[in-house]
Amino acid sequence: MASQDEQQQQQQQDPRIPKISSAIRVIPNFPKPGIMFQDITTLLLDTKAFSDTIDLFVERYKGQNISVVAGIEARGFIFGPPIALAIGAKFVPMRKPNKLPGEVISEEYSLEYGKDKMEMHVGAVQAGERALIIDDLVATGGTLSAAIRLLERVGVHVVECACVIELSGLKGRERLGDTPLFVLVNSA
């Protein structure tokens, strides 16, 4: 896996990255004043940019012996399944409380105002498996760090977290401990 510096060099050299970045619409003051919302729906409408996004992740993780791609609700469900299929891994949804029908294991995490929980099915992963966690965006890192803790609690080795976008000014990378983070697009 590449370091953060190597990652930045790749982003500067790979001609697909600027096209992916330009396909993401920024909506000011949504969902509340002062927020610059990174809207990936426009990326999904651009079949070439969407395909390139999936391809960049697949190129990075193919051959890394990853057996689990854990997608964080809800946008991790968009990117996770095609990556999982392409690298020969299973897809495990990580959901908000009371969304999974079977027995679950959960992890609580802090939000800006309050707390939330993330859940996955008991038995969805096995101790010793190697996992990739995928989401569309990392901001403060709370959701990703909860996903890491949840998987590690059952003995899974989290190889890396991957996001399309990083809001680097919110320093979410710092909350991930020793788990590397790979992103395609950096935004302030």
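**Briefing: a five-stranded parallel sheet and its surroundings**

Five strands, paired in parallel and ordered S4-S3-S7-S8-S9, make up an open sheet. Strands S4 (90–94) and S9 (181–187) occupy the edges; each has a single partner strand, so one side of each lacks a neighbour in the sheet. From one strand to the next, the twist averages 20 degrees. The model is predicted, and the points below cover the sheet, its helices, two cysteines and selected residues.

**Strand pairing**

- Strand S7 (residues 130–138) pairs with strand S8 (residues 157–167) in the parallel sense, and eight bridges connect them.
- Within this region, Arg130 is placed opposite His157 of S8.

**Helices on the sheet**

- Helix H4 (residues 47–61) lies across S7, S8 and S9, and its direction is at about 155 degrees to S8.
- Helix H6 (residues 142–153) also packs on the sheet, where it touches strand S3 (68–72), S4, S7, S8 and S9.
- The direction of H6 makes an angle of about 165 degrees with that of S7.

**Geometry and burial of H4**

- The 15 residues of H4 should span 21 Å at 1.5 Å a residue, and the end C-alpha atoms are indeed 21 Å apart, so the expected and modelled spans agree.
- The buried residues of H4 comprise Ala49, Ile54, Leu56, Phe57 and Val58, together with Asp52, Thr53, Arg60 and Tyr61.
- Gly63, just after H4, adopts a positive phi of about 80 degrees.

**Cysteines**

- The number of disulfides is zero.
- The cysteine sulfur closest to that of Cys161 belongs to Cys163 and lies 6.8 Å away; a disulfide requires the two sulfur atoms to be within 2.5 Å, so this pair is too far apart for a bond.
- Cys163 likewise takes part in no disulfide, its nearest cysteine sulfur being that of Cys161.
- Cys161 has a relative accessible area of 0% and is therefore buried.
- Cys163 also counts as buried, at 0% relative accessibility.

**Glu107 and its partners**

- Glu107 belongs to strand S5 (residues 104–111).
- With a relative accessibility of 12%, Glu107 counts as buried, since the cut-off for burial is under 20%.
- The side chains of Glu107 and Arg153 are joined by a polar contact of 2.6 Å.
- Beyond four places in sequence, Glu107 touches Asp116, Lys117 and Met118, as well as Ala146, Arg149, Leu150 and Arg153.

**Ala146 in helix H6**

- Ala146 is located in helix H6 and counts as buried, at 0% relative accessibility.
- When neighbours within four places in sequence are set aside, Ala146 is in contact with Glu107, Tyr109 and Met118.
- Ala146 and Phe37 are separated by 109 residues in sequence and by 22 Å in space, C-alpha to C-alpha.

**Ala139 in the S7–H6 loop**

- Ala139 sits in the loop between S7 and H6.
- The relative accessible area of Ala139 is 22%, so this residue is partly exposed.
- Apart from residues up to four places away in sequence, Ala139 touches Leu167, Leu170, Lys171 and Gly172.
- From Ala139 to His121 the separation is 18 residues in sequence and 26 Å in space, C-alpha to C-alpha.

How values were computed: Residues numbered from 1 in each chain as written. Predicted model: local features only at pLDDT ≥ 70, side-chain atom pairs only at ≥ 80, totals over all residues. Heavy atoms only, no water. Helix = DSSP H or I, 4+ residues; strand = E, 2+ residues; numbered from the N terminus. Buried < 20%, exposed > 50% of the residue type's maximum accessible area, 1.4 Å probe, protein only. Polar contact = N/O pair within 3.5 Å; in protein donor to acceptor, adjacent residues only side chain to side chain. Contact = heavy atoms within 4.5 Å. Pairing = 2+ DSSP bridges. Axes fitted to C-alpha atoms, helices over the stretch in contact; angles between N-to-C directions. Expected span 1.5 Å × (residues − 1).
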